[in-house]
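Q: Got a minute to go through this model with me? I'd like to start with the charged side chains and then move on to the fold.

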Amino acid sequence: MNVNAYLNFNGNCEEAFRFYQSVFGGEFSYVGRYSEMPADPNQPPMSEEAAQKIMHISLPVGESTIMGCDIMPGFAAPFVQGNSMSLSVNTQSEEEAKKVFEGLSAGGTVAMPLEKTFWNAYFGMLIDKFGVHWMVNCDLGQS
């Protein structure tokens, strides 16, 4: 299991991560855009500009990884400068993910239930009883 920083941005995630890449070096291990999400019939279609924003990006830095996204209205709590970071826990199994998620969410608030996702992971988000934002992720491998 490992824990990494997850940064939220107000539309300039790609610019920020290109800057971090210029400082730390390395290659992005993943760049995903909102255009890759399956359409939600309960949501209006997003603009082309919004569709090109970053849904998820990862940049390995030494033994760690910094990750981030652009906050999109309706997908997460509104962006607030200075309170725009979560801790991301990456587990080795679904059972470990459940244990960590249930433990951290005790007395807190579940923002997104732990469930299988379209990007082939078991993933959930929560705010613990101390107000710390967490993401719990278990990659499920190739399907």
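Q: Where do glutamate 14 and arginine 18 lie?
A: Both are in helix H1, four residues apart, which is about one turn of the helix. Keep in mind that this is a predicted model. Their side chains meet in a salt bridge, at 3.3 Å from N to O.

Q: And which other residue does glutamate 14 form a salt bridge with?
A: Arginine 33, where the closest N and O atoms are 3.1 Å apart. That pair links distant parts of the chain, with glutamate 14 in helix H1 and arginine 33 in strand S2, 19 residues apart. Put together, Glu14, Arg18 and Arg33 are linked in a network of salt bridges.

Q: How many salt bridges does the count come to?
A: Two.

Q: Is arginine 33 buried or exposed?
A: Buried, because its relative accessibility is 18% and the cut-off for buried is under 20%. Arginine 18 counts as partly exposed at 45%, and glutamate 14 is partly exposed too, at 28%.

Q: Switching to the sheet. What's the strand order?
A: S2-S3-S4-S1-S5-S8-S7-S6, eight strands in an open sheet with mixed pairing. S2 (30–33) and S6 stand at the edges with a single partner strand each, so one side of each has no neighbour in the sheet. On average, neighbouring strands are turned by 20 degrees against each other, ignoring direction.

Q: How do S3 and S4 pair?
A: They run antiparallel, joined by five bridges. One of the partnerships is proline 60 with threonine 65 in S4. The two strands form a hairpin with two residues between them, and glycine 62 in the turn has a positive phi of about 60 degrees.

Q: What about S1 and S4, parallel or antiparallel?
A: Parallel, over four bridges. Phenylalanine 9 has aspartate 70 in S4 as its bridge partner.

Q: How many residues of S4 are buried?
A: Six of its seven, so call it mostly covered.

Q: Which strands does H1 lie across?
A: S1 (2–9), S2, S3 (54–61) and S4 (64–70), and the helix runs at about 10 degrees to S3. Helix H3 (residues 94–105) also packs on the sheet, touching S5 (85–90), S6, S7 and S8 (133–139). The direction of H3 makes about 170 degrees with that of S6.

Q: Back to H1 for a sec. Which residues form the nonpolar patch on the surface?
A: Phe19, Val23 and Phe24, with about 330 Å² of accessible area together. Phenylalanine 24 lies in H1, which covers residues 13–24.

Q: Now the S6 edge. How many bridges join S6 to S7?
A: Five, and the two strands run antiparallel. As an example, glutamate 115 has phenylalanine 123 in S7 as its bridge partner.

Q: And where is threonine 117 found?
A: In the loop between S6 (109–116) and S7 (121–127).

Q: Loop residue, then. Why does threonine 117 count as buried?
A: Because its relative accessible area is 17%, and buried means under 20%.

Q: Which residues does threonine 117 touch?
A: Met112 and Phe123, leaving out residues up to four places away in sequence. Phe123 is also the bridge partner of glutamate 115 that came up with S7.

Conventions:
Residues numbered from 1 in each chain as written. Predicted model: local features only at pLDDT ≥ 70, side-chain atom pairs only at ≥ 80, totals over all residues. Heavy atoms only, no water. Buried < 20%, exposed > 50% of the residue type's maximum accessible area, 1.4 Å probe, protein only. Contact = heavy atoms within 4.5 Å. Patch = residues over 30% accessible without salt bridge, like charges linked within 9 Å, V, L, I, M, F, W, Y side chains within 5 Å. Areas by Shrake-Rupley, 256 points an atom, 1.4 Å probe, with all protein chains shown as cover. Salt bridge = Lys/Arg side-chain N within 4 Å of Asp/Glu carboxyl O. Pairing = 2+ DSSP bridges. Axes fitted to C-alpha atoms, helices over the stretch in contact; angles between N-to-C directions.
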